[in-house]
Amino acid sequence: MTVRTRADLVALPGYVPGRTIPGAIKLASNEVSAGPLPSVVRAIADAATAVNRYPDTAATQLVARLGEKLGVPAEQLAVGCGSVTLCQQLVQATCTDADEVVFAWRSFEAYPIITAVVGARQARVPLTGGHALDLDAMAAAITPNTRLVFVCNPNNPTGTALTRAEIERFIERVPSDVLVVIDEAYKEFVDDPDVPDGVELAKAQWAAGRDNVAVLRTFSKAYGLAGLRVGYAVASPAVAETLRKVYVPFSVNALAQVAALASLDAEAELMERCRAIVAERARVREELLAAGFEVPVSQANFVWLPLGERTAAFNEHCLSHKVVVRAFVGDGARVTIGEPEENDAFLAAAKSFSG
Ligand SMILES: *Cc1c(COP(=O)(O)O)cnc(C)c1O
């Protein structure tokens, strides 16, 4: 007899990670190109001698440190094995199979997969003509079955960002028993002052009696720890507690915890790197615009080229120039901002594309 796995998972597409091709420049996964700081590598190496022991499942030191940094009590924090796992925990914490998750599309590729894995329903809301989240349409998509809305800000893969006023107006329209999750994986690359710090925005909402706002952050992007898997959620005490209940014990490993702490120690240096990436983002966008591409303003560490049917050809063209971008065939290509030489290699490829 064949093992009976869930029939509803048969049609589920697998997550497609950015490709890694030996010898090619990888601009496909929104990683920071520069390696970890020597101080962070040292902290990881020191902790490696104790990996015979289980990690602190509550990540006590990291949680305390984040609480100080953000000005929130530990009870409002939950760590996770990357913020993608926290996305899953949030859906698990709010939805059963009758319930629904609302998100924009196109947005973070993991949202539909996670929703399907949990067994909940999904409502995908098309982006605006300007490649941004359409918050009016998202508010209108909320039904009595909706339990959670993902608001990716800035949006992966389009890079567009919402303003404080837009998000606040949206939250006002969301029923108080529906959780609004602001996914801020790229927050450290934002330079538009109208784009809010989600944690500050959430604090104001909590103070006004609205507990239904949570924020996700990660050490994978700006802090350069994608390979170690650690992120965190900032939420109301009740939501954070439920997140901790659905946490797979010990899933934020010991090396990730010390590396995150060491990265917070080196935050000034890491944020300087982010500012250099932001400067490169402006240069790359200008050169692409000058070459005739459409490129929405990005607040993240990548740019979006809405190439539509030309996406597959653009992808092949870049690969032939040994540059790996992230193609969403039929839709567009997302290109991570790397080191200046990497960006130059990409720009040379893009400028010679005639598809
Ligand atoms: C990269 C990314 C994440 C998750 O990163 P982790 O490595 O799992 O912390 C979450 N949300 C968005 C929108 C992302 O792009």
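These questions and answers go through a predicted model and the reasons behind its labels.

Q: What makes E2 and E8 a pair of strands?
A: Pairing needs at least two bridges between two strands. Four bridges join E2 to strand E8 (residues 231–234). The two therefore count as a pair. They run antiparallel, and Leu77 stands opposite Val234 in E8.

Q: Where does this pair sit in its sheet, and which strands are at the edges?
A: The order is E2-E8-E7-E6-E5-E3-E4, an open sheet of seven strands with mixed pairing. Strand E2 (77–80) and strand E4 (121–126) are the edge strands, because each pairs on one side only. Neighbouring strands in this sheet are turned by 20° against each other on average, direction ignored.

Q: How do you know that helix H6 packs on the sheet?
A: Contact requires heavy atoms within 4.5 Å. Helix H6 (residues 164–173) touches strand E5 (146–152), strand E6 (179–183) and strand E7 (213–218). The direction of H6 makes about 160° with that of E6.

Q: Why are E9 and E12 called paired?
A: Four bridges join E9 to strand E12 (residues 332–336). At least two are needed, so the pair qualifies. The strands run antiparallel. Val303 stands opposite Val335 in E12.

Q: What is the order of the sheet that holds E9, and which strands are its edges?
A: Three strands form this open sheet, in the order E9-E12-E11, with antiparallel pairing. E9 and strand E11 (326–328) are the edge strands, each pairing on one side only. Here, neighbouring strands are turned by 20° against each other on average, direction ignored.

Q: Which way do the side chains of E9 point, and are they buried or exposed?
A: Phe302 and Trp304 point one way from strand E9 (residues 302–305). Val303 and Leu305 point the other way. All are buried.

Q: Why is no bond drawn between Cys87 and Cys152?
A: A disulfide is a covalent bond between the sulfur atoms of two cysteines. The cut-off for the sulfur pair is 2.5 Å. The sulfur of Cys87 is 8.3 Å from that of Cys152, its closest cysteine sulfur, which is too far for a bond. A search of the whole structure finds zero disulfides.

Q: Why are Cys87 and Cys318 called buried?
A: Buried means under 20% relative accessible area. Cys87 has 0%, and Cys318 has 0%. Both therefore meet the cut-off.

Q: What makes Thr146 a buried residue, and what is in contact with it?
A: Thr146 has a relative accessible area of 0%. The limit is under 20%, so Thr146 counts as buried. The residue is in strand E5. Leaving aside neighbours within four places in sequence, Thr146 is in contact with Glu100, Val102, Ala141 and Val178.

Q: Why does the link from the side chain of Thr146 to Thr143 count as a polar contact?
A: The side chain of Thr146 reaches the backbone nitrogen of Thr143 at 2.8 Å. The pair must lie within 3.5 Å, so the distance qualifies.

Q: Which residues come nearest to the ligand?
A: Ser83, Tyr186, Thr218, Ser220 and Lys221 come nearest, out of 13 residues around the ligand.

Q: What makes the approaches of Val84, Asp183 and Tyr186 to the ligand polar contacts?
A: The cut-off is N or O atoms within 3.5 Å. A backbone N or O atom of Val84 lies 3.0 Å from a ligand oxygen atom. A side-chain N or O atom of Asp183 is 2.7 Å from a ligand nitrogen atom. For Tyr186, a polar side-chain atom lies 2.6 Å from a ligand oxygen atom. Each distance is therefore within the limit.

Q: Where are the cis peptide bonds at Pro154 and Pro157?
A: One joins Asn153 and Pro154, with omega about -5°. Another runs from Asn156 to Pro157, with omega near 15°. Pro154 is in the loop between E5 and H6, and Pro157 is in the loop between E5 and H6.

Q: Why is Ala59 called buried but Arg229 partly exposed?
A: Ala59 has a relative accessible area of 1%, under the 20% limit, so it is buried. Arg229 has 29%, which falls between 20% and 50%, so Arg229 is partly exposed.

Q: What is the phi of Ala59 and of Arg229, and where do they lie?
A: Ala59 has a positive phi of about 45° although it is not a glycine. Ala59 is in the loop between helix H1 (38–48) and helix H2 (60–70). Arg229, not a glycine either, has a positive phi of about 70°. Arg229 lies in the loop between E7 and E8.

Notes:
Residues are numbered from 1 along each chain as its sequence is written. This is a predicted model: local features need pLDDT of at least 70, side-chain atom pairs count only at pLDDT 80 or more; totals for chains, interfaces and linings use all residues. Side-chain values use heavy atoms; hydrogens and water are left out. Axes are lines fitted to C-alpha atoms, for helices over the stretch in contact, and angles run from 0 to 180 degrees between N-to-C directions. Buried means under 20% relative accessible area, exposed over 50%, partly exposed in between (1.4 Å probe, protein chains only). A residue is near a molecule or strand if one of its heavy atoms lies within 4 Å of it. A polar contact is a pair of N or O atoms within 3.5 Å; within protein, one must be able to donate a hydrogen and the other to accept it, and residues adjacent in sequence count only if both atoms are side-chain atoms.
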